[in-house]
Amino acid sequence: MLKRLYDWTMAKAASKDSTKWLAAVSFAESSFFPLPPDLLLVPMVIANRRAWWKLATICTLASVVGGIAGYMIGYFLYETLGRWVIDFYHLADKFDALRQTFVEYGAEILIIKGMTPIPYKLLTITAGVAHLNLWVFIGASIISRSMRFFLVAALLYFFGEPIRAFIEKRLTLVTSVFAAALIGGFLVVKLL
């Protein structure tokens, strides 16, 4: 099933409506869709490197709006739709552990984990279940998703095709190093 979805996603990246598909996949991935928007973003930026800013913006905005839908699923529909999504992706064990810490550190979790390939839908639904303040959720989502998508798009813009293979192979490493640097920066500012 994932192979078919991957092939479908790659075909959409090459279509004339690719930006609409990028927005749709970015929206859906934040609440229920299994494949990340990077599958569209990477080939689209490679094909038109000058549009990297526009494509990262589309990805970010659609992902945040989709995240709000995921939040609403967790807030209002967890016992029906939310639980089904979590169970479908076999994320129940991660959900229970995350739920406990989300009440106290929701914004920090969203900012840090929202940049990584961890399923964002897990974070959005958990934020809704934990009743994280909606404005805090939106702000943290904007920060994390923009850092993720703009980092990938900027790397592709500046380094082109050679960085594509590196990003596709080591997306977790790239976003984790960036998150570690960001956290280090926050710690330095806090200590000063």
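A residue is called buried when its relative accessible area is under 20%, exposed when that area is over 50%, and partly exposed in between, with a 1.4 Å probe and protein chains only. The exercises below use a predicted model, in which local features need pLDDT of at least 70 and side-chain atom pairs count only at pLDDT 80 or more, while totals for chains, interfaces and linings use all residues. Residues are numbered from 1 along each chain as its sequence is written, and side-chain values use heavy atoms, with hydrogens and water left out.

**Exercise 1. The overall fold**

Describe the secondary structure of the protein chain and the share of its residues that count as buried.

Solution. Begin with the elements, where helices (H or I, at least four residues) and strands (E, at least two) are DSSP runs numbered from the N terminus. The protein chain has nine helices and zero strands, so no further definition is needed to read the order of elements as α-α-α-α-α-α-α-α-α. Next, turn to burial: 47% of the 192 residues of the protein chain count as buried. Then consider contacts, meaning heavy atoms within 4.5 Å; among those between residues at least 6 apart in sequence, 77% join residues at least 24 apart.

**Exercise 2. Helix 7 and the residue that follows**

Determine how many residues of helix 7 are buried, which helices they pack against, and what phi His131 takes.

Solution. Helix 7 spans residues 120-129, and 10 of its 10 residues are buried; among them are Tyr120, Lys121 and Thr124. These buried residues pack against helix 2 (18-29), helix 4 (52-76), helix 5 (78-88), helix 6 (92-113) and helix 8 (134-159). Just after the helix comes His131, in the loop between helix 7 and helix 8, where its phi is near 55°, a positive value in a residue other than glycine. Most residues other than glycine have a negative phi. His131 counts as partly exposed, at 46% relative accessibility.

**Exercise 3. Aromatic pairs**

Find how many aromatic pairs the whole structure holds, and work out the geometry of the pairs Trp52 with Trp53 and Tyr78 with Phe95.

Solution. The criterion comes first: rings of Phe, Tyr and Trp (its six-membered ring) pair if their centres lie within 6.5 Å, and planes under 30 degrees apart count as stacked, over 60 as edge-to-face and the rest as tilted. A search of the whole structure finds 11 such pairs. In one of them, Trp52 and Trp53 have ring centres 5.6 Å apart and planes at 85°, so this pair is edge-to-face. Trp52 is buried at a relative accessible area of 15%, whereas Trp53 is exposed at 54%. Tyr78 and Phe95, by contrast, form a stacked pair, with 5.1 Å centre to centre and 15° between the planes. Because Tyr78 lies in helix 5 and Phe95 in helix 6, the pair ties together parts that are 17 residues apart in sequence, and both residues are buried. Finally, ring pairs link Trp52, Trp53, Phe150, Tyr157 and Phe158 into a cluster.

**Exercise 4. Charged side chains**

Identify the salt bridges, and state which ring Arg145 lies over.

Solution. A salt bridge is a side-chain nitrogen of Lys or Arg within 4 Å of a carboxyl oxygen of Asp or Glu, and a search of the whole structure finds three.

1. Arg145 and Glu29 meet at 3.1 Å, N to O. The pair links distant parts of the chain, with Arg145 in helix 8 and Glu29 in helix 2, 116 residues apart. Arg145 counts as buried at 0% relative accessibility, and Glu29 counts as buried at 4%.
2. Asp38 and Arg148 have their closest N and O atoms 2.4 Å apart. This pair joins helix 3 (residues 38-47) to helix 8 across 110 residues; Asp38 is buried at 7% and Arg148 at 3%.
3. Glu79 and Arg83 have their closest N and O atoms 2.9 Å apart. Both lie in helix 5, four residues apart, about one turn of the helix; Glu79 is exposed at 59%, while Arg83 is partly exposed at 34%.

For the last step, a charge sits over a ring if NZ of Lys or CZ of Arg is within 6 Å of the ring centre and within 35 degrees of the ring normal. Arg145 lies over the face of Tyr120, at 4.0 Å from the ring centre, and Arg99 lies over the face of Tyr78, at 5.8 Å.
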